[in-house]
Amino acid sequence: MSADKYYTLAEGCPFASSSTAVLMRNRDGGGLGLLQDTQLIETLAHFSRERIPERVVHAKAIGAYGEFEATADCSDLTCASFLSEVGKKTPVLLRVSTVGPEAGSADTSRDVHGWGMKLYTDEGNLDWVFNNTPVFFIRDPIKFPSMNRSHKRHPRTHLPDANMFWDFHVGNPEGIHQLLVLFSDRGTPRSVRFLNSYSGHTYKFTQKDGSFKYIKIHIKTRQGVKNFTREEATKIAGEDPDYMIRDMFEAIERKDYPSWDVFVQVMDPSEAENYRWNIFDMTKVWPHEDFPLRNIGKLTLNQNPGNYFADIEQAAFSPSNMVPGFAASADPVLQARLFAYPDAARYRLGVNYQQLPTNAAKAPVYCPFERDGKMRFDGNYGGDPNYVNSSLQPTRFYPEVKGVSQNSLSLHTEHEKWVGEVTTYTSHMKKDDFVQPAALWEVIGREPGHQERTIENIAQSVKEVKSPKLRDEVYDLFGRVSLDLGTRVKRTTEAFIKK
Ligand code: HEM
């Protein structure tokens with residue numbers, strides 16, 4: 001407690017001690033508690049209610065504040081205010097998480113690492129809810145809950161279960177590209193400071209006239225990508241399950257501020273129509289030879305949370321938080337996410353979660369048509385009209401609501417026809433689906449020992465699969481990337497089983 005404050009209960013009433021129970025004492029020194037002991041009752045009652053629901057995915061995390069600085073002229077790409085001048089700085093909150101395991105789990109577990117980033121821009125909050133991998137396991141959003149359950153605990157044994165993990169992926173092989181990334185060294189990053197992050201999805205940069213470019217965002221660590229080997233990650237998981245939290249907290253405390261360069265790949269809508277890869281398919285990247293990286297900014301983390309629960313646990317990120325100049329594409333997984341995150345926040349934090357200080361926009365907020373609800377704690381817009389089109393007190397609108405996605409839809413009817421056709425695909429596999437994983441396998445091969453480590457990482461997991469038939473199906477899946485890979489995964493797995 002700071003020196004200028006004295007202890008009170010939550011209603012502000014001062015107390016002489018924080019630990020004295022009010023008892024009716026008997027002569028032997030024993031005593032009975034009394035209902036008038038408000039301090040004891042409040043203290044116990046509040047403790048029982050300290051927990052809020054853990055995020056169903058991405059529960060274990062590390063977070064910090066910082067700033068995004070625009071580093072290049074982007075006026076040909078977007079009218080977004082946070083990119084309007086070189087040197088313009090925007091405050092940022094970042095939360096980096098593992099996906100499957102619970103809040104108390106080891107943060108060096110092999111897993112995709114999520115990247116929840118809130119840019120508190122002067123035109124409202126923009127959230128970049130990314131991963132440290134440029135692709136994803138699925139391209140049909142309805143599979144998301146199934147995919148995550150297969151990565152978590154078995155409903156009967158309550159144990160992580162390699163049988164259901166591989167059974168899901170053999171049955172839904174479109175995730176092969178992401179599986180290769182996950183079982184490579186990149187599945188065990190050395191800490192938040194040493195990982196990259198990617199939008200994965202295609203988004204849009206939009207202009208005031210409604211024209212737009214498709215983009216993918218890449219955030220690249222200035223500290224260099226560094227990963228643990230499986231053995232290192234496992235050892236640290238046992239010795240210090242909070243290794244990544246500690247690493248970042250201590251770096252920021254000693255003013256060794258981690259930073260990243262932010263890039264975009266830019267594609268014209270007309271190019272999208274003829275491009276080899278479906279730009280709304282999250283299992284695909286846009287090779288850099290086709291669409292080079294263009295620098296737009298720099299991110300620096302320079303402030304630890306003042307309180308983990310208030311700043312990081314109560315943070316709510318959503319791809320639906322977009323500012324003028326930035327819009328969602330028609331990627332069906334992204335479209336589903338635009339619904340899922342605010343829905344999750346309303347359940348996890350309550351309907352007024354946007355008022356919590358860590359989520360509140362730094363731009364002025366005037367949203368009088370969303371009223372009341374549990375835990376409303378701003379002025380609730382006083383007596384302003386709570387219905388639209390009031391003639392008594394007309395609503396004022398922002399003079400330049402620009403680059404909104406609705407405009408871009410109406411201005412590009414021809415393109416939208418194409419979008420409609422492309423997004424009706426289902427997630428059945430085509431031969432082409434193995435082309436990018438095969439290219440990645442070659443890239444992995446350029447670094448000495450990396451293919452061997454990746455194969456051993458896969459085999460360590462597949463050896464836990466009980467059914468020989470399912471194991472054969474896993475070898476076949478990797479064999480479709482490269483026959484050699486399939487054979488080596490089989491050989492290594494069988495050697496591990498014999499040991
Ligand atoms: C259909 C697909 C997906 C659905 C339905 C979905 C849903 C969710 C849900 C419900 C949460 C927990 C939110 C909360 O309780 O606050 C979450 C967290 C998260 N998701 Fe997804 N997700 C999907 C795909 C993705 C993809 C493709 C990415 C990355 C490109 C991603 C990145 C994240 C991140 C970074 C978090 C943690 C956010 C935080 O720090 O609070 N998700 N997701």
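At 15% relative accessibility, Tyr-381 counts as buried, because the cut-off for burial is under 20%. Tyr-381 lies in the loop between α9 and α10 (405-411). Its backbone carries a positive phi of about 65°, although Tyr-381 is not a glycine. These values come from a predicted model.

Lys-255 also has a positive phi, of about 65°, and is not a glycine. The setting of Lys-255 is the loop between α6 (243-253) and β10 (259-267). With a relative accessible area of 60%, Lys-255 is exposed, because the exposed class begins over 50%. Tyr-381 thus pairs a positive phi with a buried position. Lys-255 pairs a positive phi with an exposed one.

Salt bridges were examined next. Side chains of opposite charge can pair when their charged atoms come close. The count comes to 33 salt bridges, taking a side-chain nitrogen of Lys or Arg within 4 Å of a carboxyl oxygen of Asp or Glu. One of them joins the side chains of Arg-193 and Asp-247, at 2.7 Å from N to O. This pair links distant parts of the chain, 54 residues apart. Arg-193 sits in the loop between α4 (176-183) and β7 (197-198), and Asp-247 sits in helix α6. Both partners, Arg-193 and Asp-247, are buried.

The bridge between Lys-417 and Glu-414 has a local setting within one helix. The closest N and O atoms of Lys-417 and Glu-414 are 3.3 Å apart. Both residues belong to helix α11 (residues 413-422). They are three residues apart, about one turn of the helix. Lys-417 has a relative accessible area of 52% and is therefore exposed. Glu-414, at 57% relative accessibility, also counts as exposed.

A further salt bridge is formed by the side chains of Lys-463 and Glu-464, at 2.9 Å from N to O. Lys-463 has 27% relative accessibility, so it counts as partly exposed. Glu-464 has 44% and therefore falls into the partly exposed class as well. Charged residues also join in a network: Arg-139, Asp-281, Lys-284 and Asp-433 are linked by salt bridges.

Arg-55 provides another buried position. Arg-55 lies in the loop between α1 and β3 (61-70). Its relative accessible area is 11%, so Arg-55 is buried. The C-alpha atoms of Arg-55 and Glu-250 are separated by 25 Å. Along the chain, Arg-55 and Glu-250 are 195 residues apart.

The surface also shows a nonpolar patch. Leu-35, Leu-40, Ile-41 and Leu-44 make this patch, which covers about 410 Å². Leu-35 is placed in the loop between β2 (31-33) and α1 (38-48). At 78% relative accessibility, Leu-35 counts as exposed, because this value is over 50%.

Internal space was then considered. The structure holds one cavity of 30 Å³ or more. The largest cavity contains about 50 Å³ of space. Its lining consists of Pro-134, Tyr-198, Ser-199, Gly-200, Lys-216, Ile-217, His-218, Gln-265, Val-285 and Trp-286. Strand β9 (residues 212-221) gives the most to this lining, with three residues. By character, the lining of the largest cavity divides into five nonpolar residues, four polar and one charged.

Among the pockets, the second largest holds about 1800 Å³ of space. The lining of the second largest pocket comprises 47 residues. Of these, Gly-124, Pro-364, Val-365, Tyr-366 and Cys-367 lie nearest the pocket centre. The elements that give two or more residues to the lining are β6 (124-131) and α9 (332-348). The lining residues of the second largest pocket divide into 25 nonpolar, 12 polar and 10 charged.

Notes: Residues are numbered from 1 along each chain as its sequence is written. This is a predicted model: local features need pLDDT of at least 70, side-chain atom pairs count only at pLDDT 80 or more; totals for chains, interfaces and linings use all residues. Side-chain values use heavy atoms; hydrogens and water are left out. Patches are made of residues with over 30% relative accessible area and no salt bridge: like charges are joined within 9 Å, nonpolar side chains (Val, Leu, Ile, Met, Phe, Trp, Tyr) within 5 Å. Accessible areas come from the Shrake-Rupley method with a 1.4 Å probe; for residues, only the protein chains shown count as cover. Helices (H or I, at least four residues) and strands (E, at least two) are DSSP runs, numbered from the N terminus. Buried means under 20% relative accessible area, exposed over 50%, partly exposed in between (1.4 Å probe, protein chains only). On a 1 Å grid over the protein atoms alone, a cavity is a set of points where a 1.4 Å probe fits but cannot get out, and a pocket is an open set with protein on both sides within 12 Å along at least five of seven lines; lining residues have an atom within 4 Å of a point. Grid points are joined across faces, edges and corners, and a volume is the space filled by probe spheres set on the points. Ala, Val, Leu, Ile, Met, Phe, Trp, Tyr, Cys and Pro count as nonpolar, Asp, Glu, Lys and Arg as charged, and the others, Gly among them, as polar.
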